[in-house]
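This briefing is meant for a reader meeting the structure for the first time. It begins with one local detail and then moves through the wider picture, topic by topic.

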Amino acid sequence: MSEELADVVLCICTRSRPEKLDRALQSLSRHEWPDGWQLLVVDNDCGRSAEEVTYRWRSTIGLPVTYTVEPEVGFASVRNAALALCADASAVCFFDDDAIAGPSWAARMHDVHERNPLALVQSRVYRVPEIPQTRDGIAHLFRQLAIAPDPNYSGTNGLLVPITTLGGRRFNTRFNLTGGEDTDLIMRLNSAGAQTIQVHDAILIDEGRHSPNSVKDTTKVGFRSGRQYAEVLYVNGVNINRPRARSLVGVPIAALLSLASFTLGRREEALGQLRKAAARAGVLTVRSRNWPSGSNARSPDWTNDDGSDREHGSH
C-alpha cells in the first residue's frame, strides 16, 4: 500500500478479466475522490493479467494505486489478501471488477461513513444484462436506475466495512471454491451487532450475462442461490431444519403460482415465482454433511449467484 495513511481503501479483486477491469477503472477515473482514499487491485492470476490494465490507469484515476498478486486461487483467499494490506486503514470498500460507479458514488459512501464510522455502508447495486458501450448510454442508464425500485444489494460489491467493526474476522476459506464467502462474513458481522446502512443514491451497476427471460437460467440461478444460502447457514451452526421445512412447503406453492402466471401471460411474474421455487429446492439439497475437500472439491466457479460472471470472489 501507499505510505500515505489511508482513510478508505477501495479494493478490486480480480482474476483473468482485464477487459472488464479496464472498464471498471475507466468509470472510477471520472470521479472526484474524497481525501484519504486509495485503490488496491489484488490479482488472483499468477500470470498477472491485471497488471498492465491497472498501471495504465494509475496516472488518471486520481488515487494512490497499489497492485499485488495473491497466488492462492479462491474467493475468500483473495479478499483476505486485500484485508491484510488494509489493516492500518479506517475502512475497506469492495468493488467488483465488472462494476461501474454512478455519479457521486464515492462522495456519498464517504459522507455516510464519516457520519457512521462503525456501520457497514452498502451501495445500491443493480445487475443488468449488458452495460452500454458508450458514455452517454451509461449516463442514461444511471438516470433510469436513480428512480428504479428493487435494487440488488449484492454481497460485498460496493460494501464499505470499517476495520474496527471487522475486528479479526476474515472471509472463510471453506467457501474458496464454492462462493458464499461474502454472505457468510456479512452474516457473522450482523450477528455481532454490526449496523448496516443502505445508501439509496450511491448506485453501482454490474453486468450479468444471462437473459432475465430465460427459464433455464432463472431455474439455475434460483437453485444455486438457495443451496448456497443453506450452506452458509449450516457452516455458521444454524439449524437448517426450519428453512428446509419452509422450503418443502414453499416449492409446490411457488411452482403453481409460476405456472398460473405463465398461463395468464405474466412472464416476469412467472419467472420470479420460478426462481423462488428453484431457490427453495436448492435449500432442500443441503443436509448435515462434511464439506467437500481434496479431489471431491470442485474448481472455483467465477459466476455470481444469479449465474452471471463473477468478479473474482464477489457476489
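Just after helix 7, Gly193 takes a positive phi of about 100°. The model in which this appears is a predicted one, and its secondary structure amounts to ten helices and eight strands.

**The protein as a whole**

- Of the 315 residues that make up the protein, 52% count as buried, and the accessible surface comes to about 14400 Å², with 51% of that surface belonging to carbon and sulfur atoms.
- Among the contacts in the protein with a separation of 6 or more, 83% are accounted for by residues 24 or more positions apart.

**Helix 7 and its surroundings**

- The helix that precedes Gly193 has Glu181, Asp182, Asp184, Leu185, Ile186, Met187 and Leu189 as buried residues.
- These buried residues of helix 7 pack against two strands, namely strand 6 (120-128) and strand 7 (159-162), and also against helix 3, helix 6 and helix 8.

**Helix 3, a mostly covered helix**

- Helix 3, which spans residues 75-84, is mostly covered, with nine of its ten residues buried; these are Phe75, Ala76, Ser77, Val78, Arg79, Asn80, Ala81, Ala82 and Leu83.
- The cover over the buried residues of helix 3 includes strand 1 (8-14), strand 2 (37-43) and strand 4 (91-94), together with helix 6 (163-166) and helix 7 (181-191).

**Two threonines in and after helix 6**

- Thr165 lies in helix 6 and counts as buried because its relative accessibility is 15%, which falls under the 20% cut-off.
- Leaving aside residues up to four places away in sequence, Thr165 touches Leu118, Leu120, Leu189 and Ala194; of these, Leu189 is also one of the buried residues of helix 7.
- Thr178 is found in the loop between helix 6 and helix 7, and its relative accessibility of 11% means that Thr178 likewise counts as buried.
- Although Thr178 and Ala76 are 102 residues apart along the chain, their C-alpha atoms are separated by 9.8 Å, and Ala76 is itself one of the buried residues of helix 3.

**Helix 9 against helix 10**

- Helix 9 (residues 241-263) packs with helix 10 (residues 267-284) at an angle of about 155°, the two axes being 7 Å apart, and this angle makes helix 9 roughly antiparallel to helix 10.
- The crossing in which helix 9 passes helix 10 is left-handed, and the residues of this contact divide into 14 nonpolar, five polar and five charged.
- On the helix 9 side, the residues that take part include Pro243, Leu248, Val251, Leu257 and Phe262, while those on the helix 10 side include Arg267, Leu271, Leu274, Ala277 and Leu284.

**Helix 8 against helix 10**

- Helix 8 (residues 215-235) also packs with helix 10, here at an angle of about 35° and with the axes 6 Å apart, and the crossing of helix 8 and helix 10 is right-handed.
- By class, the contact of helix 8 with helix 10 has ten nonpolar, six polar and three charged residues.
- Among the residues of helix 8 that meet helix 10 are Val215, Val221, Phe223 and Arg227, and among their counterparts in helix 10 are Arg267, Leu271, Leu274 and Val283.
- Arg267, Leu271 and Leu274 of helix 10 therefore appear in the contact with helix 9 as well as in the contact with helix 8, where contact means heavy atoms within 4.5 Å.

Notes:
Residues numbered from 1 in each chain as written. Predicted model: local features only at pLDDT ≥ 70, side-chain atom pairs only at ≥ 80, totals over all residues. Heavy atoms only, no water. Axes fitted to C-alpha atoms, helices over the stretch in contact; angles between N-to-C directions. Helix = DSSP H or I, 4+ residues; strand = E, 2+ residues; numbered from the N terminus. Parallel < 35°, antiparallel > 145°, perpendicular 65-115°, else oblique. Left-handed = near helix turned anticlockwise from the far one by under 90°. Nonpolar A, V, L, I, M, F, W, Y, C, P; charged D, E, K, R; others polar. Buried < 20%, exposed > 50% of the residue type's maximum accessible area, 1.4 Å probe, protein only. Areas by Shrake-Rupley, 256 points an atom, 1.4 Å probe, with all protein chains shown as cover.
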